[in-house]
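Notebook open, coffee poured. I want to go through this chain piece by piece and write down what I look up.

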Amino acid sequence: MFPSTEEGPVDDSAKHGGRVRTFPHERGNWATHVYIPYEAREEFLDLLDALLCHAQTYVPRLVRMEAFHLSLSQSVVLRHHWILPFVQALKDRVASFHRFCFTTDQVKIYTNQEKTRTFVGLEVTSGHAHFLDLVAEVDRVMEEFDLSTFYQDPSFHISLAWCVGDARLQMEGPCLQELQGIVDEFEDSEMLLRAYAEQIRCKSGNKFFSMPLK
């Protein structure tokens with residue numbers, strides 16, 4: 001199931017857009033993240049292109065995300081031998097959860113805790129309670145493995161674009177209002193930004209584990 005070596009690549013920020021690791025790579029440590037994947041339709045990508053084009057007039061270094069998701073955990077470090085027990089504990093905790101609908105139609109600007117990256121996101125405006133219920137179960141698993149739980153009063157969202165550094169000053173205010181206007185006026189945006197949470201996914205290192213919801 002796993003490669004024969006646990007040694008990871010030497011960290012080189014030039015190879016990933018100048019991003020800085022939240023924690024250094026160590027042999028046998030696997031960066032692990034729990035989330036709900038979001039499958040982008042063509043119309044969603046059209047909206048994203050319109051938002052990014054406008055946002056880049058304020059912050060030219062913004063780049064589009066390559067994949068989309070809604071986080072249910074922080075990025076944590078797992079020892080290699082704890083990965084399968086961790087995933088099994090997650091499966092047990094979420095086994096009774098049903099699929100649910102949610103809406104993401106509020107543009108919001110985020111930074112990571114270290115203020116080394118800025119993100120443009122679409123915040124969840126309906127379905128929030130379902131996400132909180134899932135996070136409560138994910139947090140219990142985190143506590144079992146002595147890992148960090150999720151943020152207090154979280155803002156669930158899909159990140160659309162990012163840049164290195166803290167760009168909130170340029171993006172909050174007129175830019176944010178104009179981006180929201182693009183969303184509000186986009187054709188069929190109300191239906192476009194409604195989606196179903198159908199599975200939970202755990203990424204640990206280069207391995208993915210999927211847990212379908214009922």
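I start with the accessibility cut-offs: buried is under 20% relative accessible area, exposed is over 50%, and partly exposed is in between, with a 1.4 Å probe and protein chains only. I also note that helices (H or I, at least four residues) and strands (E, at least two) are DSSP runs, numbered from the N terminus.

Before going on, the ground rules. The model is predicted, and local features need pLDDT of at least 70, side-chain atom pairs count only at pLDDT 80 or more, while totals for chains, interfaces and linings use all residues. Residues are numbered from 1 along each chain as its sequence is written, and side-chain values use heavy atoms, with hydrogens and water left out.

**Entry 1: Gln177**

I looked up Gln177 and found it in helix H5 (residues 174–185). Is Gln177 buried or exposed? It is exposed, because its relative accessible area is 61%. I also checked its C-alpha against that of Val107: the two are 8.5 Å apart, with their positions 70 residues apart along the chain.

**Entry 2: the open sheet**

Next came the strands. I count two strands as paired if DSSP finds at least two bridges between them. Five strands make an open sheet in the order E2-E7-E6-E5-E8, and the pairing is antiparallel. Its edges are strand E2 (63–64) and E8, each of which pairs on one side only.

I then followed strand E5 (residues 100–111). On one side it pairs with strand E8 (residues 194–197) in the antiparallel sense, over four bridges. Cys101 sits opposite Tyr196 of E8 there. E5 is also joined to strand E6 (residues 117–126), again antiparallel, by eight bridges. I noted two opposite pairs: Gln106 with Glu123 in E6, and Ile109 with Val120 in E6.

What covers E5 and E6? Helix H3 (residues 128–144) lies across both, running at about 85 degrees to E5. For that angle, axes are lines fitted to C-alpha atoms, for helices over the stretch in contact (heavy atoms within 4.5 Å), and angles run from 0 to 180 degrees between N-to-C directions.

**Entry 3: Thr103**

I picked Thr103, which lies in strand E5. It counts as buried because its relative accessible area is 8%. Its side chain makes a polar contact of 2.9 Å with the side chain of Ser126. By polar contact I mean a pair of N or O atoms within 3.5 Å; within protein, one must be able to donate a hydrogen and the other to accept it, and residues adjacent in sequence count only if both atoms are side-chain atoms. Leaving out residues up to four places away in sequence, Thr103 touches Glu123, Val124, Thr125, Ser126, Leu193 and Arg194.

**Entry 4: the E5–E6 turn**

E5 and E6 form a hairpin with five residues between them, and Lys115 in the turn has a positive phi of about 60 degrees. Asn112 is in this loop too. Why do I list Asn112 as buried? Because its relative accessibility is 13%. The side chains of Asn112 and Thr116 make a polar contact of 2.8 Å. Not counting residues up to four places away in sequence, Asn112 touches Arg117 and Phe119.

**Entry 5: E1, E9 and E10**

Strand E1 (29–38) is joined to strand E9 (residues 199–204) by four bridges, and they run antiparallel. His33 has Lys203 of E9 as its bridge partner. Six bridges then join E9 to strand E10 (residues 207–212), also antiparallel, with Arg201 partnered by Ser210 in E10. The E9–E10 hairpin has two residues between the strands, and Gly205 takes a positive phi near 60 degrees.

**Entry 6: positive phi in two loops**

Which loop holds Asp153? It is the one between H3 and strand E7 (157–164). Its phi is near 50 degrees, positive in a residue other than glycine. Asp153 is exposed, because its relative accessibility is 72%.

Asp188 sits in the loop between H5 and helix H6 (189–192). Its phi is near 55 degrees, again positive in a residue other than glycine. With 56% relative accessibility, Asp188 counts as exposed.
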